[in-house]
Amino acid sequence: MIARPPLAEEKLEMLIGGRWTAAASGDYFESFDPFTGKPWALVPRAGVADADQAIEAAAEAFRGAWRTMTATARGQLLCRFADLVAEEAETLAVLETRDNGKLINEMRMQCRYIPQWFRFFGGLADKIEGRVIPIDKPGVFNYTRREPLGVVTAITPWNSPLMLATWKLAPALAAGNTVVWKPSEFSSVSAIAFAKLFEKAGFPKGVVNLVTGFGSEIGDRLVTHPAVAKVAFTGGDATGRRVYQSAAGGLKKVTLELGGKSANIVFADAKMEAAVPGLVSGIFAATGQTCIAGSRALVQRSVYDEVAEKLVAFARTARIGDPLDPETQVGPITTEPQRRKVLDYIDIARSEGASQLLGGKAPDDPAIASGWFVEPTIFGNVAQSMRIAREEVFGPVLSIIPFEDEEEAIAIANDSIYGLAAGVWTQDLGRAIRMPERLEAGSVWVNMYRATSYLSPFGGYKQSGFGRENGRTAIDEYLQEKSVWIDAGNSIPAPFVQR
Ligand code: NAD
């Protein structure tokens, strides 16, 4: 078991223009440990003046040393940063677990994996090439340059704080942009430790700025400031809509990674010994607090009873407890309001007539009574019309929905405003090919679930957002193309005719 140090009295600082600083107002807010339910760190509460300073520092860095650094040197910096993250992975993982309550095993896996993003995108930095166009005008040389956008604001959620920030920061920096990063107010501590590594790696001042604070207080300014060229956002769809509207005023470029209500579909021909743990891992592994949670289990009617029974038996054995204990399988919910929201959804599901098969309340165990826990909860015979099947709960609540055949599975799965991910469990090769074609989701896993990689694009269909993170093409989201025309023939222009 990892020791849990007492409340850090030290007041943490944020990074603006290469300077570690408190908020201009001198205000702080408490960050809570979801397992103890108590504050454990003091984080600067940035205001609009701090946001402005960070954006101005990023704009200055973009015009300065960062702009003139060679792409190779930029890539090497990203790789140096990757090495530092690898060295500090354990420390970062423990900070993440204390701040957001997610399992230490999961945060370790993420923190050990993050360096690959910086190496991959660092490697791409000097492979950003333009094209020579065989232009249809004699004597004219036409080529393209792919250039950075400028200042990128990265706004990130609490559920996988460093991993989701990495998905933005690595390609944005590799492309030559500068960044102002606002982590969630519920998970700023690991972000501060991460930002220190950018400084240690030798990034020029102002290239990476970290502003900690509340989205409701500084979010709007971070989006609308005239010097911001692009906003890369991950979070809930209501916030995403608001960010998109604010960004429209200044015609900013935006990418949005939003919520989901993903279907994890089990056909009667599936290998049940894989499908059942697959359903469990899709929803309970991160206490349901993942955008790709397979929160709707669609199960073919002929195996419905068998799957429901096995699922309940399996989920019942999940060990609930301290997320810093590597043996724990289900940790707390990250915030108290979020826990209340999850319990409210459980009440709604009951009142809508769903049959509760497991859980449905906070655990009785007095050893974990101070933490923000909800038991793994399963509802059976859920209809797609119920709110529990349509709205994102973001907690350990699984709805099982029966279906007859492939057509009905597709219809139910696609009957959602969201389209982030889907899972299919089948041994039928044709079906394994047909289903991904017809599912309206940015990621589809067949006989597996919840895998992501720096090599493969990730993003939403429909109201799960737009733009892609990860994979080669993610860097294009942070570049713009310029067309350059040169008259190599010394011709004298005809002034009143378009050439
Ligand atoms: P949230 O929308 O409440 O907050 C996300 C971020 O937005 C935070 O940093 C917050 O401070 C900031 N914010 C809040 N109001 C703002 C405003 N007016 N302007 C600008 N920024 C503002 O989301 P959350 O509760 O932190 O995270 C959970 C949500 O994130 C879930 O809906 C989940 O599905 C989604 N999510 C999506 C992905 C994905 O890749 N698609 C990944 C993880 C989480």
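**Exercise 1. How many Å separate the centres of domain 1 and domain 2, taken over C-alpha atoms?**

Solution. Some ground rules: this is a predicted model, where local features need pLDDT of at least 70, side-chain atom pairs count only at pLDDT 80 or more, and totals for chains, interfaces and linings use all residues. Residues are numbered from 1 along each chain as its sequence is written, and side-chain values use heavy atoms, with hydrogens and water left out.

- Step 1: grab the bounds, which come from an automatic or database domain assignment. Domain 1 is 14–258 + 464–483, and domain 2 is 263–446.
- Step 2: the two centres, over C-alpha atoms, sit 31 Å apart.
- Step 3: look at the contact (heavy atoms within 4.5 Å). Domain 1 puts in 25 residues and domain 2 puts in 31 residues.

**Exercise 2. Work out whether D99 is buried or exposed, and find what it touches.**

Solution.

- Step 1: place D99 in helix 3, residues 71–100. Helices here are DSSP runs of H or I with at least four residues, strands are E runs of at least two, and both are numbered from the N terminus.
- Step 2: D99 has 1% relative accessibility, so it counts as buried. The cut-offs are under 20% relative accessible area for buried, over 50% for exposed and partly exposed in between, using a 1.4 Å probe and protein chains only.
- Step 3: skipping residues up to four places away in sequence, D99 touches several residues, including S31, W40, F186 and T334.
- Step 4: the side chains of D99 and S31 are joined by a polar contact of 2.7 Å. That term means a pair of N or O atoms within 3.5 Å; within protein, one must be able to donate a hydrogen and the other to accept it, and residues adjacent in sequence count only if both atoms are side-chain atoms.

**Exercise 3. Check the span of helix 9 and list its buried residues.**

Solution.

- Step 1: the expected span is 1.5 Å times one less than the number of residues. For the 12 residues of helix 9 (272–283) that gives 16 Å, and the end C-alpha atoms are 17 Å apart, which agrees.
- Step 2: the buried residues are M272, A275, V276, G278, L279, V280, G282 and I283.
- Step 3: their cover includes strand 12 (263–266), strand 13 (296–300) and helix 10 (304–316).

**Exercise 4. Find N or O atoms of the protein paired with the ligand.**

Solution.

- Step 1: the side chain of K182 has an N or O atom 2.9 Å from a ligand oxygen atom.
- Step 2: for the backbone of G236, the distance to a ligand oxygen atom is 2.8 Å.
- Step 3: a backbone N or O atom of L258 is 2.7 Å from a ligand nitrogen atom.
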